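Thank you all for coming. I would like to walk you through a structure that is new to most of us, taking each part in turn.

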Amino acid sequence: MTALTLHPTSLWHVVEHHIRRTRRSWAGLLLSGVLNPIFTMLALGVGIGSQIDDTSSLGTNGYLEFVGPGVLAGSAFLQGGFTALWPTMSQLRWEGAYQNVVRTPCSAAEVLTGHLLWIALRLTFSSSLFLVVLLIGIGWESSFALLVPFIAALTAVSVAAPICAFTARRETDRGFALIARMVVTPLFVLSGTFTNVESFPAAVQAVIKFFPAFHGIELTRMFVNGTSEIGAALGHLAVLAVWIVAGWFAAVLGFQKALTP
Amino acid sequence: MDPAVVARKLVKQFGEFTAVDGIDLDIRSGETFAVLGPNGAGKTSTMRMIATVSRPTSGSLSVLGHDASSEGRSIRSRLGVVPQEDHLDVELTVRENLLTYSRYFGMSWAEAKARSDELLDFAQLTDKADDRTDMLSGGMKRRLTIARALVNTPDLVLLDEPTTGLDPQARQLLWDRLYELKERGVTQLLTTHYMDEAEQLADRLVIMDGGRIVAAGSPEELIASSTTREVVELRTDDEITVDADSGIQVEVLRKRTLLYADDGAAALEHVRARGATPSSALIRRSTLEDVFLALTGRQLVD
């Protein structure tokens, strides 16, 4: 591994590049990143939620209080995972914008880190909008809610980093659909987004708790509903951090191999 | 003045495959230096190492006075690269491509804007400034790629097959831009398949084959040392014979026969006198293409 010095200006230039690119596609991003999850949350939380009388087994006052934070963090996970597949491949190989960036002073490690920061920034922004709608629906319970957009960003990066490591090692998008359908989407659905994972068999719970989605969702739910326990919160954060750090290292190696062999 | 590039025993391997096999290079500041070679000769691998986007397997490489293995960032800040693939950002306009790229070199927005306007003018793309790049013709895209390589006012510009796939007008326009750069004292290193391009643009060149340098010198030196002054191209089915002491070399191709001689007219008379009746005969001066084919062979490399 070479050139692991990260210059903040180079990281910013990668983020800035994406901001400029987004000026033409912001409507699509707003639809997929904000409106879709909000509609999903409202349909489930308000629609299906109205049919559920007793949510005591979920640990929340109502179903919207349960599913809202779940969809918020779960969507961040989903978007992080998907962005790390085709859009990342496009930048690395198909459009090849990143092939050019490494011909500037910016290194492959900086390109990857800037790429992940852009995903984090985007998810911080879209989750903030989502949070406003959610808090209008369920009311303000805790100041920790202000941290939720950052937790969503961490959740997105915790899946994006390892998948970027996978994407960077591929010549084509073969296997991407499998990752999307068999890993990312099932984890979004099963990691406590819509229902309490405690109702699953122990083995299934163990698998779910190994991956970061569950921990991002649990943290978000705690912070939104004001049920934070410091020990549990730190534990969830630690799992996210391990996925981010390990994924980042693997992705740096992958980006170096892909961009500066 | 420091030499622009100094390479010693430079090697690049990909697994078992050796792309560049122990080459030495000395490129002087201000000159235009060409690397010629068939596909797979190691040209692009050499360029990528000089651009510090590919790490040499062994050997030493100094670019603009910096070590390529440890000072890539400093080198890249003074380098302009025109890769084989344009890789323009299709989400951005022509001007935005230049602006965004400028920013990676640490330029302020005001500097980036001024420089982009200047380069749009240089590349004759001012009237296309607000178009998306996928609306541009091949020649325009190539000019934009060259303009993009100049945003940081580089001391060394690397051009990897800059005119491949362009029509003759677009090539001529690009050559004009490259001459202009040369007049400004910018060192240029280019790879090309086009022998006329190398003859037109390069002060010195090397021919690579199989990862090694097989010839080096100015275009005139290489033509003088590797082939005769003139070539006669004959269309004929006759078997061409020449006197052993005539100094004429004969190369029989499928439908053509080539005579290599310092005096083409005399060589033509010589073979006619020995009974050859070609349906057509063209006497021309030797070109780098003859040197290239003599040194790297006529076998097609995909």
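Before I count anything, let me say that helices and strands here are DSSP runs, with at least four residues for a helix and at least two for a strand, numbered from the N terminus. With that in hand, the secondary structure of chain B comes to ten helices and 14 strands. Please keep in mind throughout that what you see is a predicted model.

Let me begin with chain A, whose secondary structure consists of eleven helices and zero strands, so that the order of elements from the N terminus reads α-α-α-α-α-α-α-α-α-α-α. Its radius of gyration is 18 Å, close to the 18 Å that the globule rule gives for 261 residues, and therefore chain A is as compact as a globular protein of that length. Along the principal axes, the C-alpha atoms of chain A fill a box of roughly 60 × 40 × 35 Å, and 48% of the 261 residues count as buried. If we take the contacts in chain A between residues at least 6 apart in sequence, 82% of them join residues at least 24 apart.

How confident is the prediction for chain A? The average pLDDT of chain A is 91, and 98% of the residues score at least 70. Within chain A, confidence is lowest in helix 2, residues 26-47, with a mean of 76, and highest in helix 7, residues 148-168, at 98.

Turning to chain B, its C-alpha atoms fill a box of roughly 75 × 45 × 35 Å along the principal axes, and 45% of its 302 residues are buried. Here, among contacts between residues at least 6 apart in sequence, 68% join residues at least 24 apart.

Where do the two chains meet? In this model, 25 residues of chain A are in contact with 22 residues of chain B. On the chain A side, the elements that give two or more residues are helix 1 (8-22) and helix 5 (97-101), and helix 1 of chain A provides the largest share, six residues. By class, that side of chain A has eight nonpolar, eleven polar and six charged residues.

Next, the interior. The largest nonpolar core has 141 residues, and those that touch the most other members are A:Val111, A:Ala156, A:Val157, A:Ala160, A:Phe255 and B:Leu158. Helix 7 of chain A gives the most to this core, with 14 residues. Leaving aside neighbours within four places in sequence, B:Leu158 is in contact with B:Met47, B:Ile50, B:Ala51, B:Leu79, B:Val81, B:Val82 and B:Leu189. There is also a second, separate core of eleven residues, which includes B:Leu234, B:Ile248, B:Tyr260 and B:Ala261.

I will finish with one helix in detail. Which residues of helix 9 of chain B are buried? In this helix, residues 264-273, they are B:Gly264, B:Ala267, B:Leu268, B:His270 and B:Val271. Because they cover an arc of only 160° around the axis, they lie on the same side of helix 9 of chain B. As general background, an α-helix has 3.6 residues a turn, so residues three or four places apart point the same way. On the other side of helix 9 of chain B, B:Ala265, B:Glu269 and B:Ala273 are exposed. What covers the buried residues of this helix includes strand 11 (230-235), strand 13 (256-261) and strand 14 (280-285) of chain B. Just after helix 9 of chain B, B:Gly275 takes a positive phi of about 100°.

Definitions and conventions. Residues numbered from 1 in each chain as written. Chains lettered and ligands numbered in written order. Predicted model: local features only at pLDDT ≥ 70, side-chain atom pairs only at ≥ 80, totals over all residues. Contact = placed C-beta atoms within 7 Å. Nonpolar A, V, L, I, M, F, W, Y, C, P; charged D, E, K, R; others polar. Buried ≥ 20, exposed ≤ 12 C-beta atoms within 10 Å, placed from the backbone. Arc of directions from axis to C-beta. Rg over C-alpha atoms; globule rule 2.2 N^0.38 Å. pLDDT = per-residue confidence, 0-100. Core = buried A, V, L, I, M, F, W, Y, C linked by C-beta atoms within 7 Å.
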